[in-house]
Amino acid sequence: MATARTSYLRTGLIHLALISYTLIALFPVFLTLVNSFKTRNAIFREPMAIPTPSTFSLVGYETVLKQGDFIGYFQNSLIVTVVSIALVLLFGAMAAFALSEYRFRGNLLMGLYLALGIMIPIRLGTVAILQGMVAAGLVNTLTALVLVYTAQGLPLAIFILSEFMRTVSDDLKNAGRIDGLSEYAIFFRLVLPLVRPAMATVAVFTMIPIWNDLWFPLILAPGEATKTVTLGAQMFIGQFVTNWNAVLSALSLAILPVLVLYVIFSRQLIRGITSGAVK
Amino acid sequence: MSDINTADPETAPIKRPFRWHILVFLAPAFLVYTAIMILPLIETLRLSLYNLVDGQTVFVGLTNFTTLFSDPRLSASFWNALGNNLIFFVIHMLVQNPVGIALAAMLSVSKLRFATFYRTAIFVPTLLSFVIVGFIWKLILSPIWGIAPGMMDWVGLKWAFAPWLGKSESALITVSLISVWQYVGIPMMLIYAALLNIPDEVLEAAECDGITGWSQFWKIKLPLILPSIGIISILTFVGNFNAFDLIYTVQGALAGPDGSTDILGTLLYRTFFGFQNQMGDRSMGATIATVMFLIILAGVSLYLFVIQRRMRRYQF
């Protein structure tokens, strides 16, 4: 590149701006985590201080673990999220393969039909979804949530995956056909391994809204046995509003798994977003 | 689905066996999607034309809509919610997207150190659920805890502090800004990706012509990322017009104080399920959902058929 004159001043200002915004983004999370480990007095007297031996306390966590069934909530969230993602990836990849690989009449129309859901939120059908779930006896089951989230995740998954599948070389697939592989074997053994990076992107995009959703758990599965973490935390905090230790600890418990997963997968997630998967 | 076995025009004369695998590949996604998403959506639209009369569900045409738009009690909350929702959207467009673009532009400066760190950190709030975000900010802005007034005191602004979430003039703006804080990561990432996709040759050519720094951003980069700006705008629109969780968490189902933060999502929830002394009303819920559907549909169509068509896409 032509030696662009690097102005130190400009770089300095950019760093300053980015550091300030980073602080704004992280400060509330930091504040919650730090204060959840302090005694009630310390929370109010010195909210900004790091816990010291004299102010350290786990009383909030004790309340949370005793009063709320957070382990159960985690389990529910985990089951719902993992099963939904698995179904979205499997069904989405199959449909994307059919749309990108074969020419048949109605292909374009089918593609458009399946893409409708990218823009139209599934929430608008809630009134009838609840009716249907009541009729099917699925209210207060995790199955209801899995079904809804699978339907919700499919449109974007199909869209992204079919873009990627178009880039898989035809020669490879035809070579497979000449070797006598069935269409199913071509899909599962040749194409799927090649689109793995795109699958990872889709998995992350699907996961975040499911894990964080409050609307459907609130409406379809508010029972104690099927509460997800988001709903559980919401209700717990509603009850313990004046117990600051408990509230901060509940928030920290809800943040931690997301934060840990993010630290592990951030590279993949960001590469997925910036690789132009969503254009 | 019945015409799947007909191949394209050029191969049509050769009668091929029915290609069952296409059906097998498409069926699961098609069935789940149709059964859980499309049919309930259609059913909801249909329900908006029915209502209970003497305990029987009867077709009432557009009566539900006229009630929603003009009934003294209901229409007041509806127009209030719609107006608030518009303000909610405008604040996102004016704050979230420009800040996102500015952050992306700074991050994409070549050879910037720690860029990965900044990017990773700024994206953290986007991953958190509304429940967490809502409560954290509720605590921070709470006058009881005193974090916000304490910090404003450092910069000599203590007099400007007010319990923003509790005042009806400022509650909506505050909630919108919390939502902006959470979601700024999305425009940032999408614009960042678009900026990285601009080929070096284009930028080098600009530099040869003496266009650098600010003017390079305005004259070269911005026009090239316009399609991405269009996409984040429509994503923001759809997201804002079916928002619910954050307001429910921060201000409760009544979206107080005095309904000043009520948007269509919370209105739908209250109308459909009922709240306190108000009975749940399925038909009216469906009517509000239909109105939301039409608003979103209008926005998406405007984007697809007007804005996106006029926008020039540059192929590299």
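Which residue takes a positive phi in the hairpin of S1(B) and S2(B)? Let's start there and then work outwards through the model, which is a predicted one.

## A hairpin in chain B

The residue is Asp54(B), and its phi sits near 50 degrees. The hairpin has 2 residues between its strands. On one side is strand S1 (residues 50-53) of chain B, and on the other is strand S2 (residues 56-59) of chain B. These strands run antiparallel and are joined by 4 bridges. To see one such pairing for yourself, find Val53(B): its bridge partner in S2(B) is Gln56(B).

## Two more positive phi values

Asp54(B) has company. Over in chain A, Asn140(A) isn't a glycine, yet it has a positive phi of about 60 degrees. You'll find Asn140(A) in the loop between helix H6 (126-135) and helix H7 (142-165) of chain A. Is Asn140(A) buried, exposed or partly exposed? It has 16 C-beta neighbours inside 10 Å, so it counts as partly exposed.

Back in chain B, Phe114(B) is another non-glycine with a positive phi, this time of about 65 degrees. Phe114(B) also belongs to a loop, the one between H3 and H4 of chain B. Because Phe114(B) has 14 C-beta neighbours inside 10 Å, it counts as partly exposed.

## Two helices side by side in chain B

How do you describe a pair of packed helices? You give the angle between their axes and the distance between those axes. Take helix H10 (residues 213-241) of chain B and helix H13 (residues 282-310) of chain B: their angle is about 175 degrees, and their axes are 10 Å apart. Angles over 145 degrees count as roughly antiparallel, so H10(B) is roughly antiparallel to H13(B).

Which residues make this contact? From H10(B) come Gly230(B), Ile234(B), Phe237(B), Val238(B) and Phe241(B). H13(B) brings a list that includes Met292(B), Ile295(B), Gly299(B), Tyr303(B) and Gln308(B). Sorted by class, the contact residues are 10 nonpolar, 3 polar and no charged.

## Where the chains meet

Now for the contact between the two chains. Chain B puts in 71 residues and chain A puts in 70 residues. On the chain B side, several helices give two or more residues, among them H3 (72-107), H4 (115-127), H5 (130-141) and H13 of chain B. Which element gives the most to that side? It's H1(B), with 16 residues.

What sort of residues does chain B use to touch chain A? The split is 51 nonpolar, 10 polar and 10 charged.

## Domains in both chains

The domain assignment cuts chain A into domain 1 (24-57) and domain 2 (67-277). The centres of these two domains of chain A, taken over C-alpha atoms, are separated by 35 Å. Each of the two gives 7 residues to the contact between them. On the side of domain 1 of chain A that touches domain 2 of chain A, helix H1 (8-35) and helix H2 (40-45) of chain A each supply at least two residues. H1(A) gives the most there, with 4 residues. By class, that side has 3 nonpolar, 3 polar and 1 charged residues.

Chain B has its own assignment, with domain 1 (9-47) and domain 2 (65-310). The C-alpha centres of these two domains of chain B lie 35 Å apart.

## Two residues of chain A to look up

First, find Ser249(A) in helix H13 of chain A. Is Ser249(A) buried or exposed? It is buried, because 27 other C-beta atoms lie within 10 Å. Leaving out residues up to four places away in sequence, Ser249(A) touches Ser36(A), Gly60(A), Tyr61(A) and Val64(A). Sequence position can be a poor guide to place here: Ser249(A) and Leu65(A) are 184 residues apart in sequence, but 9.6 Å apart in space, C-alpha to C-alpha.

Next, try Thr242(A), in the loop between helix H12 (229-239) and helix H13 (244-277) of chain A. With 8 other C-beta atoms within 10 Å, Thr242(A) is exposed. How far apart in space are Thr242(A) and Ile264(A)? They are 22 residues apart in sequence and 34 Å apart in space, C-alpha to C-alpha.

Methods:
Residues are numbered from 1 along each chain as its sequence is written. Chains are lettered from A and ligands numbered from 1 in the order in which they are written. This is a predicted model: local features need pLDDT of at least 70, side-chain atom pairs count only at pLDDT 80 or more; totals for chains, interfaces and linings use all residues. Axes are lines fitted to C-alpha atoms, for helices over the stretch in contact, and angles run from 0 to 180 degrees between N-to-C directions. Angles under 35 degrees count as roughly parallel, over 145 as roughly antiparallel, 65 to 115 as roughly perpendicular and the rest as oblique. Ala, Val, Leu, Ile, Met, Phe, Trp, Tyr, Cys and Pro count as nonpolar, Asp, Glu, Lys and Arg as charged, and the others, Gly among them, as polar. Domain bounds come from an automatic or database domain assignment. Two strands pair if DSSP finds at least two bridges between them. A residue is buried if 20 or more other C-beta atoms lie within 10 Å of its own, exposed if 12 or fewer, and partly exposed in between; C-beta atoms are placed from the backbone.
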